[in-house]
Amino acid sequence: MTQGPLTTEAGAPVADNQNSETAGVGGPVLVQDQLLLEKLAHFNRERIPERVVHARGAGAYGTFTVTADVTKYTRAKFLSEIGKQTETFLRFSTVAGNLGAADAVRDPRGFALKFYTEEGNYDLVGNNTPVFFIKDAIKFPDFIHTQKRDPYTGSQEADNVWDFWSLSPESTHQVTWLFGDRGIPASYRHMDGFGSHTYQWNNEAGEAFWVKYHFKTDQGIKNLTAEEAAKLAGEDPDSHQRDLREAIERGDYPSWTVGVQIMPVAEAAKYRFNPFDLTKVWPHADYPVIEFGKLELNRNPENIFAEVEQSIFSPAHFVPGIGPSPDKMLQGRLFAYGDAHRYRVGINADHLPVNRPHATEARTHSRDGYLYDGRHKGAKNYEPNSFGGPFQTDRALWQPVAVTGVTGDHEAPSHAEDNDFVQAGNLYRLMTDEEKERLINNLAGSISQVSREDIAERAINNFRQADGDFGKRLEAAVQALRG
Ligand code: HEM
């Protein structure tokens, strides 16, 4: 903003910003005091709807650098050469809390990354966990209702949380992860990120691959215990946001080593787990993580509302060489985010400075709507046209996928080793005894708050099925707390 007198929204100088205009000394306020009316009216409209999930978050700009040649897997231009750099914007978040909630809570962390590439913006909207609670988008609104405030009590309720999880045994893997040591990261800098879903990469020759992204923190993993987190959440609700901003301010730029697991398309049908099931990982012994990049965050946003609150990320924002998989969760997400943005930020959200392409321009025939900035000037608004307007390329961003069968409300297919418990059991058995002890205490602390015996027992039974020892110890711990 330039120096000079305070003005109204229309730019006229303001004489008095302390006293509103009255009819005589001590008389009522006059409607002709436009400054007063304008200030009160603008203030009433400062909020936009918060994100329905992941409302609480913090963001920063950064740089992605390619460190290995992946051109035999993808033709994405931003990945085309070792050393190539792309500007990014990353928004971290918690899931369940409303705007203003404390950062140090047990909850997955969002890891939403925008690459401003020369072929358009590529968004990878992931979490700090490689898996998720459910595997079909149709269950997402129900699931989130159980995580947010109860319609009657207005608080998060252990009954709702455990009722849903216990009736959705596919959640057992993610819940084991969430109540383990990594369930409360010490900061956004000290955690890994994951694309979580399987995505498609495809190369110049038209060959397709299934891939999963991994972001390994270079700061090392650091977590909080339940007790440490409860204290910090009370003393410093903004702990994660402050930590990120201050690290970047002092030049201590956080970074992540970026890798990818790659599955040749021909191996998907026979793989021991359904590769498009978001409740499962691909064990690294089957598909090792191949490093190909470095992500560094090095610039704080100047205005949190403009650049973080109004930032939008969509799993449907792909670029040539990258596309979706048939994962039923991902397919639902391809719709949900754009719809949320149109409601939350408006139809021209894509054109705000943080959201628009930075390394190319958007050339569309869409026009107008609320807060349209006239960027197309007088250009024709239809296609085909004979006036040099933008034209289609005739090349799809991703390769087609073979499908079989008939339409219907089908469950995602089960592969040879698929069931809801196998990977939760494997995760439990990987833990040291101290890690198991903390996991069981955390779970028991939460399950013991459930008011109904049948819900608590059903919840314990899912962990019993993952591993007999897990179930036995958890049952004893819950009984000890319930008395
Ligand atoms: C079908 C399942 C899901 C649905 C329908 C869904 C829907 C949504 C919606 C509507 C938002 C708010 C978007 C906005 O207002 O800008 C959101 C935010 C978010 N979701 Fe999901 N979500 C799903 C699953 C997931 C999964 C599996 C992940 C991670 C792997 C994830 C990660 C995120 C993140 C990181 C954000 C915050 C993005 C930001 O920082 O703006 N979601 N989700």
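## The main nonpolar core

The largest nonpolar core holds 85 residues, and those touching the most other members are Trp162, Val211, Ile447, Ala456 and Leu474. This core lies between domain 1 (57-145 + 187-351) and domain 2 (422-482), because both give residues to it. A separate core of six residues lies apart from it, with Val105, Ala186, Leu224 and Ala229 among them. The model is predicted.

Trp162 is worth following through the core. Beyond its neighbours within four places in sequence, Trp162 is in contact with Ile447, Val450, Ile455, Ala456 and Ala459. Two of these partners, Ile447 and Ala456, also appear among the core residues that touch the most other members.

## Domains

The domain assignment splits the protein chain into domain 1 (57-145 + 187-351) and domain 2 (422-482). Domain 1 is written as two segments, 57-145 and 187-351. Taken over C-alpha atoms, the centres of domain 1 and domain 2 are 29 Å apart.

## Helices H3 and H10

Helix H10 covers residues 433-447 and has 15 residues. From first C-alpha to last, H10 reaches 21 Å, close to the 21 Å expected at 1.5 Å a residue. Its buried residues are Leu439, Ile440, Asn442, Leu443, Ala444, Ser446 and Ile447. They pack against helix H3 (158-167), helix H5 (226-235), helix H11 (453-466) and helix H12 (468-482).

Which residues of H3 are buried? They are Val161, Trp162, Phe164, Trp165 and Ser166. The cover over these residues includes helix H2 (140-147), helix H4 (172-178), H10 and H11. H10 in turn packs its buried residues against H3.

## Around the ligand

How many residues surround the ligand? The shell has 28, and the closest are His54, Arg91, Gly110, Ala137 and Ser196. By class, 14 are nonpolar, ten are polar and four are charged.

Several elements build this shell. Strand S2 (85-94), strand S3 (109-117), strand S4 (120-127) and helix H8 (328-344) each supply at least two residues. H8 gives the largest share, with eight residues.

## Unusual backbone geometry

Most residues other than glycine have a negative phi, and most peptide bonds are trans. Three places in this model depart from that pattern, as follows.

Serine 196, one of the residues closest to the ligand, has a positive phi of about 70 degrees although it is not a glycine. Serine 196 sits in the loop between strand S5 (193-194) and strand S6 (199-202). Is serine 196 buried or exposed? Serine 196 counts as buried because it has 25 C-beta neighbours inside 10 Å, where 20 or more are needed.

Aspartate 394 also has a positive phi, near 65 degrees, and is not a glycine. Its place is in the loop between H8 and H9. Aspartate 394 has 5 C-beta neighbours inside 10 Å, so it counts as exposed; the cut-off for that class is 12 or fewer.

The cis peptide bond runs from glutamate 383 to proline 384, with omega near 5 degrees. Proline 384 is found in the loop between H8 and helix H9 (422-430).

## Loop positions

Alanine 101 lies in the loop between S2 and S3. Alanine 101 is partly exposed, because 14 other C-beta atoms fall within 10 Å. Not counting residues up to four places away in sequence, alanine 101 touches Arg56 and Thr94. Phenylalanine 179 is 78 residues away from alanine 101 along the chain, and 20 Å separate their C-alpha atoms.

Leucine 352 is in the loop between H8 and H9. With 17 other C-beta atoms within 10 Å, leucine 352 is partly exposed. Leucine 352 and alanine 306 are 46 residues apart in sequence, and 8.3 Å apart from C-alpha to C-alpha. Glycine 206 belongs to the loop between S6 and strand S7 (208-217). Glycine 206 has 10 other C-beta atoms within 10 Å, so it is exposed. From C-alpha to C-alpha, 32 Å lie between glycine 206 and serine 386, which are 180 residues apart in sequence.

How values were computed: Residues are numbered from 1 along each chain as its sequence is written. This is a predicted model: local features need pLDDT of at least 70, side-chain atom pairs count only at pLDDT 80 or more; totals for chains, interfaces and linings use all residues. A residue is near a molecule or strand if its C-beta atom, placed from the backbone, lies within 6 Å of it. Helices (H or I, at least four residues) and strands (E, at least two) are DSSP runs, numbered from the N terminus. Ala, Val, Leu, Ile, Met, Phe, Trp, Tyr, Cys and Pro count as nonpolar, Asp, Glu, Lys and Arg as charged, and the others, Gly among them, as polar. Domain bounds come from an automatic or database domain assignment. A nonpolar core is a set of buried Ala, Val, Leu, Ile, Met, Phe, Trp, Tyr and Cys residues joined through C-beta atoms within 7 Å. Two residues are in contact if their C-beta atoms, placed from the backbone, lie within 7 Å. The expected span of a helix is 1.5 Å times one less than its number of residues.
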